[in-house]
2 protein chains.
Amino acid sequence: MRVLVVEDETRVASAVKRGLEAEGFAVDVAMTGTDGLWLAQENDYDVIVLDIMLPGMNGYRICSTLREGGNWTPILMLTAKDGEYDEAEALDTGADDYLTKPFSYVVLVARLRALLRRAGRSETVMYEAGDLRLEPALHRVWRGDTEISLTAREFSVLEYLLSRAGDVVSKRDILEHVWDFDFEGDPNIVEVYVGRLRRRVDEPFARRAIETVRGAGYRLRTDGGR
Amino acid sequence: MRVLVVEDETRVASAVKRGLEAEGFAVDVAMTGTDGLWLAQENDYDVIVLDIMLPGMNGYRICSTLREGGNWTPILMLTAKDGEYDEAEALDTGADDYLTKPFSYVVLVARLRALLRRAGRSETVMYEAGDLRLEPALHRVWRGDTEISLTAREFSVLEYLLSRAGDVVSKRDILEHVWDFDFEGDPNIVEVYVGRLRRRVDEPFARRAIETVRGAGYRLRTDGGR
DNA sequence: TGCGCGCGATGCGTGTGCTCGTAGTGGAAG
DNA sequence: CTTCCACTACGAGCACACGCATCGCGCGCA
């Protein structure tokens with residue numbers, strides 16, 4: 001699955017690239033509008049993530065240029081909500097979906113999946129670790145046969161941990177992927193949410209799927225904590 | 001089922017394309033009148049959606065050209081209600097039905113289904129989830145054996161939820177599919193209508209088919225809420 | 001045929017419960 | 001003993017649900 005990311009903010013671009021690659025996407029990044037257009041025309045991507053504010057050539061022009069050339073690759077446009085540019089205009093120029101900044105990585109992935117699904121290019125995804133099961137599209141989680149209800153944020157954290165099951169995931173990673181890219185609050189919030197998750201998915205079932213790796217982060221056991 | 005959409009407003013075109021593809025139609029889009037006529041003549045579509053105001057060649061001329069050439073593919077014409085062009089003229093030139101802009105996606109689909117049904121090219125579609133049943137063509141809804149009467153808007157929302165039964169559907173999705181493409185009111189209206197639907201299809205039967213997924217959207221249970 | 005009245009559909013404003021994030025303290029590991 | 005993590009309590013903000021005003025349409029009557 002090939003993805004082109006056209007984004008000049010290095011921080012966002014690299015976080016997205018790392019994350020998508022970890023999920024098995026092949027990611028190209030363009031830091032300028034002209035580069036982005038060039039890459040999009042020269043290669044056959046499955047989906048394009050396109051920032052609007054770009055040096056060289058803005059996202060609208062890239063988008064409409066591609067469409068005029070008969071290129072109908074699904075495009076997800078990133079819009080700032082400062083009013084200067086808006087979503088309607090994004091769709092007008094031929095984008096398939098939009099996302100307002102700031103956004104978090106997991107939301108981006110969810111939207112990409114939806115786009116790919118609509119384009120008929122992807123199969124339904126499901127995460128599994130032992131008897132712990134999570135379906136992103138359905139927004140549902142099970143331990144064995146019993147369903148667990150989680151809040152949106154709890155769900156996102158668990159989804160990310162599951163997407164990297166077996167790995168040690170640093171708190172910084174979690175923060176960068178689950179929270180908005182411009183979140184600047186207390187990193188302690190990650191610990192709070194891991195705690196809440198344990199209380200919901202581990203304790204009632206006498207398991208310990210989420211392990212603490214002191215000084216490094218957390219690891220979700222691939223056997224679900226048996 | 002093949003559909004040709006001739007429409008120059010990218011926003012409308014891509015929204016229609018996405019939606020129809022999600023329902024299993026094969027959709028071609030033409031952005032100019034000349035392209036549209038060309039595609040319509042070269043391919044055998046099951047139905048054609050045709051905007052009137054088009055760059056290159058307007059919808060009337062495309063329509064009458066096709067009819068003169070012996071092409072009787074059902075045509076649904078899109079008219080703006082500014083009075084410059086009108087519906088009578090659309091039908092005169094050989095269109096089978098018309099729709100005034102702005103329109104919402106579900107209305108478009110309903111009309112297309114009606115056209116296909118009249119042309120004898122489509123099987124009756126029916127949505128089912130547990131004992132909840134909806135027939136788009138008849139515009140009727142049942143819970144078990146008792147019929148439920150809904151307003152147009154309520155029906156549209158339920159139809160869309162049923163078309164994606166089991167999935168979490170975001171409020172934004174519902175808004176974009178059920179309301180006019182240019183609706184810019186309070187998104188809160190979605191919550192209002194979900195509430196009304198519950199009062200009509202859930203509460204009287206002590207069911208809960210429509211679940212709230214806080215922070216994500218709504219989900220229609222595939223078992224109808226048993 | 002034209003005007004007026006009533007009802008139903010639609011969408012907006014407002015209240016409330018829940019979620020989220022912060023701060024602070026207690027505890028365990030190294 | 002120090003550092004890092006777990007847990008709790010609480011306040012602010014938001015997502016959601018509910019009642020109400022408005023708009024438009026259809027029916028009835030003149």
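**Close-up views of a predicted model**

**View 1. The aromatic pair of B:Trp179 and B:Tyr193.** B:Trp179 has a relative accessible area of 3% and is therefore buried (under 20% relative accessible area, with a 1.4 Å probe and protein chains only), and B:Tyr193, at 15%, counts as buried too. Their ring centres lie 5.7 Å apart with the planes at 70°, so the pair is edge-to-face (centres within 6.5 Å, planes over 60 degrees apart, the six-membered ring being used for Trp). B:Arg196 lies over the face of B:Tyr193, 4.9 Å from the ring centre (CZ of Arg within 6 Å of the centre and within 35 degrees of the ring normal). The model is predicted, local features needing pLDDT of at least 70 and side-chain atom pairs 80 or more, while totals for chains, interfaces and linings use all residues. Residues are numbered from 1 along each chain as written, chains are lettered from A and ligands numbered from 1 in the order written, and side-chain values use heavy atoms without hydrogens or water.

**View 2. The aromatic cluster of chain A.** A:Trp179, A:Phe183 and A:Tyr193 form one aromatic cluster. A:Arg196 lies over the face of A:Tyr193, at 4.9 Å from the ring centre.

**View 3. The open sheet of chain A.** Four strands (DSSP runs of E, at least two residues, numbered from the N terminus) form an open antiparallel sheet in the order β6-β7-β8-β9, where pairing requires at least two DSSP bridges. β6 (127–129) and β9 (146–148) stand at the edges with a single partner strand each, so one side of each has no neighbour in the sheet. A:Glu128 stands opposite A:Arg133 in β7(A).

Notes: Phe/Tyr/Trp six-rings, centres within 6.5 Å; stacked < 30°, edge-to-face > 60°. Buried < 20%, exposed > 50% of the residue type's maximum accessible area, 1.4 Å probe, protein only.
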